[in-house]
Each structure stands twice: as structure tokens, then as C-alpha cells.
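Here is a short, friendly tour of one model, written for someone who likes to think in axes, contacts and volumes. Please keep the viewer open as you read.

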Amino acid sequence: MIELALTAQVLLWLILIGVFLACRQATIFHPLTVYFGFHGLVFVLRPLLVHEFGFDTNWHYMRFEPTDLVFVRTLAVSSVGLVTFFVACLGAGWTREELLPAALPRFSREERSAFVVTVLLLLPLIGYSIYATRNGQDGERINGVYILTTSTGYIYEAQHFILPLLCAGMVMTRFHWMNLLPSLAYVGYRTWFGWSRWTILLFLLMVTLSYCWYHRRRWIPVWSILVAMPVLVVFNLLGHNRDVLKAILSGEPVQVVRYDAGMTREEKLKKQLDTQDYANFDYLSYVVAVVPERTGAYSLGLQHLQLFTEPIPRILWRGKPIGPPIESPVNLGEFGNFTGLTVSLVGDGWISGGWVGLVVTLTLAGLGLGWAHRWFRANLGNRCGALIYLAGIAMTPQLYRDGGGVSIAKFLLFTVTPILLWISINWCLGRRLVPLLSVPLAPAARVRFLTPGGGSAGGHGPIPR
């Protein structure tokens, strides 16, 4: 039964990709492109490896092992989510417009000045954020959640402003080779810091998307694939040892995962690949198994109420609840160890209301992202608007992995805020049309505009007094 379900899972994924390509809607900018990559990795490849090689690291961590029925149901849940998201996103994001010929966007002097002001305003926050994360902040861990007690996450995480600023700077300077210096410095710092290693991959994705938009390319260039290879190696090394670069720079011996000489080739491959980096299928199996059979209820979307309380800094609201203001009836940690794991967008929908919640959640996500894609394709020349969209698309892997809620909202906050601030400062520095006089016109009144020389500039009839 599992083999048949796995075969159907692969075929469905390939068929939908074929339909996507046949519709001539497929580009690197479409939200479906990223989702197909995510789904293929965590819901197609991962279950194949779990079944064929007996991956069980995450089962042991969660203190849970799915039955064959749960395994197959998890595949069905992920497939229904894929089809729902595909239909909603493709329909809402449909566009007949082709990408424009190469037309390099030019930035005005006001826009460049506004960008410099934006960088200068954010640099102190970025610098303090780096200092704070390096030296640590007072806090405590409650129910698996680390809570800051003497500072606020808005300042603590401000260093993520660097990511969109670097991408905007690359576009503004026409991807000059000198951009390599700050980019390497950023990747080097993230590697040295060790934690939040996902930011390295998201940075590469945002840079690639910005490059393709700037040069009006439908698909990624070869250089991005070449760059991705060492980035993935670094990502994997950090997964095994967060302090690998610190150890190298300090001359300390680097702890390397060693394999016993008696291990077979399959056992070595299993130890290398059976990690938490792409194990959302494993986590979804746990979610499907306990909700609602063991929880006795669905959350009905109560977990999303945290979006209303999370913006208030805890330093200003000492009694702010940990999690949503109304406690959800679903507590995944009650039936196993789910600390530090993610439910995925599909799992978020299942927790909210089973099959109905799954369809509603994936439909809303597909419609929202599809509409954003259609706006982007119709406004390719809108530089700041396009950068906001590209920043959002670069963050969608977090949405697909973590689910819709506080996590993606935080990522979007730190990636979109610098661009919005840039737009605001540019508006203040640029030329603005300010209404000085308004004249009410009678119904059916006709207006004639006069040139400075007294001639008519079009229109008929006298100007009403």
C-alpha cells in the first residue's frame, strides 16, 4: 500500500509540473515554482528515503512512529494541499503578459539619496543587533520558547535588515562586481554566527530573483547553481556544528562527524541524509496522527490570533501570553516531543480543521500569492514594488515550512521594512504634487484648459465659475 501511494505521490507532482509548464505561466518569479521545489523535497523525496532506507532519527526524537495507515494518510494530506494550492495560485496569478525586453531600471538622484539615508538610519540598529546576539541577552525558556526579558526581539533581530538592503544595493549599482565584498562579508558573518543558517539560503534566493528580474530572465542563471553548491555545503556543516568557522579561525580542532568502519554504504548514507533539515513529512505524520484522534479537537485557527499580540514588545507588556491570547485546544507537545519542529503550511491547515481546514488554508495562501504575482507581472517597472514582491517570494520557503502565522510575519517584517522606509524617505525627498485648490463642478459641466499663451489645450466649453 505504501509503495503504491509513493508512486502516486511522484506521478501527481510530475503531472502538475507538466501542466504548469504547458500553461506557459512558469517562471522563477511564480510562487508555484518555489512550492514545487519545497513539495518535491519534503513530501516526495523525503518519504521515499524514509521508506526505502528506514530513516528513523526524527521518529526517535518525537517518540513516535507512524503506522502504514498514517504514512499513507500523510501522503494524501500533502497531495491534497498541493492540488489546492496549485489551482488557487495558478488561477489567481494567471497573466498573459510576457516579461518585457531587457530594460535596466534607472534610479533617480532622489532615490539614491533616499537609499543612503535609509542605510544610515538602520545601521545603528543593525550594529546593536549584531553586538547583542554576540554577547547574549537575558531571557528564559518557557514551554520550549525562548523569551527575552531585558530587551525586545525587534532590536535583537534587526540585523536581518541587511538582507534586503544588500539586494537593493545590488540592483541600484547594476550588480557591479564590487557587491561581492559586502555579500561575502554577510555570508561570512552568518557562517561565523552559526545560528539562523536559513538566512544564507534565503539571501541567495533573493539575490537570484532580483538578478533575474533586473535582466528580465525567466529562469535562474548558471552562476546561481554554481554558487548554491558551496552554500549548501556550508549549510550542511553548520547543521552538524554551529561553531565550525569559529573553531577554524581560532585554530581549534574541528569536530567532524565520523562513521564507524563497520558501517555499510547504506548506513553511511542514512546517517548523512537522515536530518531535520527537510523532514517536514516526518513532522506532518505526527500532526496527522494526533489531530484530532488524540487531541480530541481542531484548533479552528486560534493559533493565528498570536498575530495580534506578537507586535507588542514583551518589555512593554510583561504579562503578554506565550503563544496565542486564546489557548488552542491542540497541544502537539502533549503526546510527544515536538520542540523546535515545524508543522508546514499543510500541517497548519490540518490542525485548523482537518480536510476542510487544509483546503481553506491552502486556498487562501494560493489566492494571496497568486494575486501578488499577477500584480508583479503587470508592474515589472515598479522598482520598489518589485523588490517588495521579490523579498516576499524569497521568504515563501519559510511560509511553506513553518506554516502561516507569526514566523513568516516576522521574516516579512525584517525584509520588507527597509524597502518601505526607503520608499517613504524617497517620497519626502522627491517632488510631490500637493493640491492647492479644489473647485466643485456642476453636473455635465465642460472644462477647457488654456496654455500660458492663451491658446486652448483641449476640452470644450468655458471654465465654470
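## Two spots in the loops

P292 sits in the loop that links α13 (280-290) to α14 (306-309). This is a predicted model, and its backbone does something worth a look here: the peptide bond running from V291 to P292 is cis, with omega near 0°. A second loop, the one between α3 (57-62) and α4 (68-92), holds R63. Phi of R63 is near 55°, a positive value in a residue other than glycine.

Both features go against the usual pattern: most residues other than glycine have a negative phi, and most peptide bonds are trans.

## α7 alongside α9

How do the axes of α7 and α9 cross? They come within 10 Å, at roughly 25°. Angles under 35 degrees count as roughly parallel, and α7 and α9 are therefore roughly parallel to each other. Their crossing is right-handed. On the α7 side, the contact is made by L163, P164, L166, C167, M170 and V171, and these meet T199, L202, F203, M206, V207, S210, W213 and Y214 of α9. Sorted by class, this contact has twelve nonpolar, two polar and no charged residues.

## α9 against α10

α9 also packs with α10, and here the axes come within 9 Å and cross at roughly 170°. That makes α9 roughly antiparallel to α10. From α9 the contact takes W198, I200, L201, L204, V207, T208 and Y211, while α10 brings W223, S224, V227, A228, V231, L232, F235 and L238. The class count for α9 with α10 is 13 nonpolar, two polar and no charged residues.

If you select V207, you will find it in the contact of α9 with α7 and also in the contact of α9 with α10.

## α16 and α17

Further along the chain, helix α16 (residues 383-402) and helix α17 (residues 406-429) have axes that come within 9 Å and cross at roughly 170°. With angles over 145 degrees counted as roughly antiparallel, α16 and α17 are therefore roughly antiparallel to each other. The residues of α16 in this contact are C384, L387, I388, A391, G392, M395, Q398, L399 and D402, and they meet S407, I408, F411, L412, T415, V416, I419, L420, W422 and I423 in α17. By class there are 14 nonpolar, four polar and one charged residues in the contact of α16 with α17.

## The enclosed space

Rolling a probe the size of a water molecule over the atoms shows where empty space is left. How many cavities of 30 Å³ or more does the structure hold? It holds one, and about 30 Å³ of space lies in this largest cavity.

Its lining consists of P164, C167, A168, M206, S210, L387, L390, A391 and I419. Two or more of these residues come from each of α7 (162-172), α9 (198-214) and α16. By class, the lining has eight nonpolar, one polar and no charged residues. Several names will be familiar: P164, C167, M206 and S210 take part in the contact of α7 with α9, and L387, A391 and I419 in that of α16 with α17.

## The second largest pocket

For the open spaces, turn to the second largest pocket, with a volume of about 1,400 Å³. Its lining has 39 residues, and G37, F38, L41, L201 and L232 lie nearest the centre. Of these, L201 and L232 also belong to the contact of α9 with α10.

Which helix gives the largest share of the lining? α2 does, with nine residues. At least two residues each come from α1 (2-22), α2 (31-53), α9, α10 (222-240), α12 (265-273) and α16. The lining of this second largest pocket divides into 29 nonpolar, eight polar and two charged residues.

Conventions: Residues are numbered from 1 along each chain as its sequence is written. This is a predicted model: local features need pLDDT of at least 70, side-chain atom pairs count only at pLDDT 80 or more; totals for chains, interfaces and linings use all residues. Side-chain values use heavy atoms; hydrogens and water are left out. Axes are lines fitted to C-alpha atoms, for helices over the stretch in contact, and angles run from 0 to 180 degrees between N-to-C directions. Helices (H or I, at least four residues) and strands (E, at least two) are DSSP runs, numbered from the N terminus. Angles under 35 degrees count as roughly parallel, over 145 as roughly antiparallel, 65 to 115 as roughly perpendicular and the rest as oblique. Contact means heavy atoms within 4.5 Å. Ala, Val, Leu, Ile, Met, Phe, Trp, Tyr, Cys and Pro count as nonpolar, Asp, Glu, Lys and Arg as charged, and the others, Gly among them, as polar. On a 1 Å grid over the protein atoms alone, a cavity is a set of points where a 1.4 Å probe fits but cannot get out, and a pocket is an open set with protein on both sides within 12 Å along at least five of seven lines; lining residues have an atom within 4 Å of a point. Grid points are joined across faces, edges and corners, and a volume is the space filled by probe spheres set on the points. A crossing is left-handed if the near helix is turned anticlockwise from the far one by less than a right angle, and right-handed if clockwise.
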